[in-house]
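Subject: Handover of a structure

Dear colleague,

Please find below the structure that I am handing over to you. My findings follow directly after it.

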Amino acid sequence: MIRLLVVAAALLFACGGAEAAKLDLSAVNQAQFASDTPKGFNPAVLKAQILLDRARFSPGLIDGHLGESFTKAVSAFQTANGFPSDGKLTQQTWDKLLATSSSPVLITYELTRKDVRGPFTKRIPARLERMARLSRLGYRNAAEKLAERFHISEPLLQRLNPGIGFRKTGTKLLVPDIDRRDPGAAIAAVEVDKEARVLRALDPSGKALAVYPASIGSDEKPAPSGQAEVKRVVHNPTYHYDPHFAFKGVKTKRTLHHRCRPEQSGGVDMDRSPSKATAFTARPNPARSGRPSRMAASG
């Protein structure tokens, strides 16, 4: 019995060591394509996610796992490059991704004073009414701020940097290199696909230059359809809740204003007619992008 326990402990230790090795910088940067992609965390999937993000075909939250947003990003990248668009990571797709950039996907980053400086909002209430009482919807802590900046899940950021508190200037971290290259062509149009829940930036020929998961309306407040003209781009917009929306669980009869955190999102005013305007707003949380949104924003 004791021998069995020792063997089991040894196996667990070995498996833990193998998992840790997967998070090594060189293991991810040098990851190669394999047709039999296993479930769970995979260095090759992580590498592909970062390359897709860098190429402006966003996989959503970078976490090293297969998922719906990753499949959509692969499919969009395949379509843009004239490949069969089944959303599966093939050798052909992998080779094309590698050709988009030769830089390492994981790099060393040194924390700056701005990274660790607050003020932070430790607790964000769930109810919209209570959110409106805050001076702003700030980051909970530096780890959340950094995870959002590098488009990575907080658990993966922690696993890449074990034992680091993300509080000290000068601390070195392993992070995804999401520095994006020049798109190489002018954006002629923006297409908001409500059914697929994605936003596409198109060149004059209609080819996608960038594709991002997006939260586009909800059953309670459907997004309008038709053509619109971009009037202005707003950084760090204020979100407004109109009581006429009568969202489920929101009892207030007054307009609510929610001031977003710095650097969290951007908004685009899209003028549809002289009497009516709507707005499209970037989602601050990559993990929720592509899901129905309950918050309306206006300029």
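I begin with the charged side chains, and I should say at once that the model is a predicted one. The count of salt bridges comes to nine, and three of them are described here in turn.

One salt bridge links K72 with E68, with the closest N and O atoms 3.6 Å apart. Both residues belong to helix 4, where they are four residues apart, about one turn of the helix. The two partners are not covered to an equal degree: K72 has a relative accessibility of 32% and counts as partly exposed, whereas E68 is exposed, at 60%.

A second salt bridge is formed by E129 and R127, whose closest N and O atoms are 3.3 Å apart. Here E129 is buried, with a relative accessible area of 12%, while R127 is partly exposed at 36%.

The third salt bridge joins the side chains of E144 and R140, at 3.5 Å from N to O. E144 is buried, with 14% relative accessible area, and R140 is partly exposed, with 33%. This pair does not stand alone: through salt bridges that share partners, R140, E144 and E154 are joined into one network.

E144 leads on to helix 8, since E144 is among the buried residues of that helix. How many of the eight residues of helix 8 are buried? Seven of them are, so helix 8, residues 142–149, is largely enclosed by the rest of the structure. The buried residues are A142, A143, E144, K145, L146, A147 and E148. The elements that cover them include strand 1 (106–110) and strand 2 (172–176), together with helix 6 (113–116) and helix 9 (154–160).

R140 also has a part in the surroundings of T121. T121 is found in the loop between helix 6 and helix 7 (128–131). Although T121 lies in a loop, it counts as buried, because its relative accessibility is 14% and the limit for a buried residue is under 20%. Leaving out residues up to four places away in sequence, T121 touches L134, R136, L137, G138, Y139 and R140.

Two further residues are worth following to partners elsewhere in the sequence. L51 is placed in helix 3, which covers residues 43–54, and is buried, with a relative accessible area of 1%. With neighbours within four places in sequence set aside, L51 is in contact with L97, L98, S101 and V105. L51 and I178 are 127 residues apart in sequence, yet their C-alpha atoms are 7.8 Å apart in space.

K221 lies in the loop between strand 5 and strand 6 (229–235). With a relative accessibility of 35%, K221 is partly exposed. Its contacts, apart from neighbours within four places in sequence, are with F245 and F247. From K221 to F247 the separation is 26 residues in sequence and 8.4 Å in space, C-alpha to C-alpha.

I turn next to the empty space inside the model. Rolling a probe the size of a water molecule over the atoms shows where such space is left. There is one cavity of 30 Å³ or more, and the volume of the largest cavity is about 40 Å³. Which residues line the largest cavity? They are S58, S69, K72, A73, V198, V211, Y212 and P213. K72, the partner of E68 in the salt bridge described above, is thus listed in this lining as well. By class, the lining has five nonpolar, two polar and one charged residues. Helix 4 (68–80) and strand 5 (208–213) each supply at least two of the lining residues.

Finally, some figures for the chain as a whole. Its secondary structure comes to nine helices and ten strands. The chain has 299 residues, of which 39% count as buried. The accessible surface comes to about 17,100 Å², and carbon and sulfur atoms hold 54% of it. Among contacts in the chain with a separation of 6 or more, 56% are between residues 24 or more positions apart. The pair L51 and I178, at 127 residues apart in sequence, and the pair K221 and F247, at 26, may serve as places from which to view the model.

With kind regards

How values were computed: Residues numbered from 1 in each chain as written. Predicted model: local features only at pLDDT ≥ 70, side-chain atom pairs only at ≥ 80, totals over all residues. Heavy atoms only, no water. Buried < 20%, exposed > 50% of the residue type's maximum accessible area, 1.4 Å probe, protein only. Contact = heavy atoms within 4.5 Å. Areas by Shrake-Rupley, 256 points an atom, 1.4 Å probe, with all protein chains shown as cover. 1 Å grid on protein atoms, 1.4 Å probe; cavity = no way out; pocket = protein on both sides within 12 Å on 5 of 7 lines; lining within 4 Å. Points joined across faces, edges and corners; volume = space filled by probe spheres on them. Nonpolar A, V, L, I, M, F, W, Y, C, P; charged D, E, K, R; others polar. Salt bridge = Lys/Arg side-chain N within 4 Å of Asp/Glu carboxyl O.
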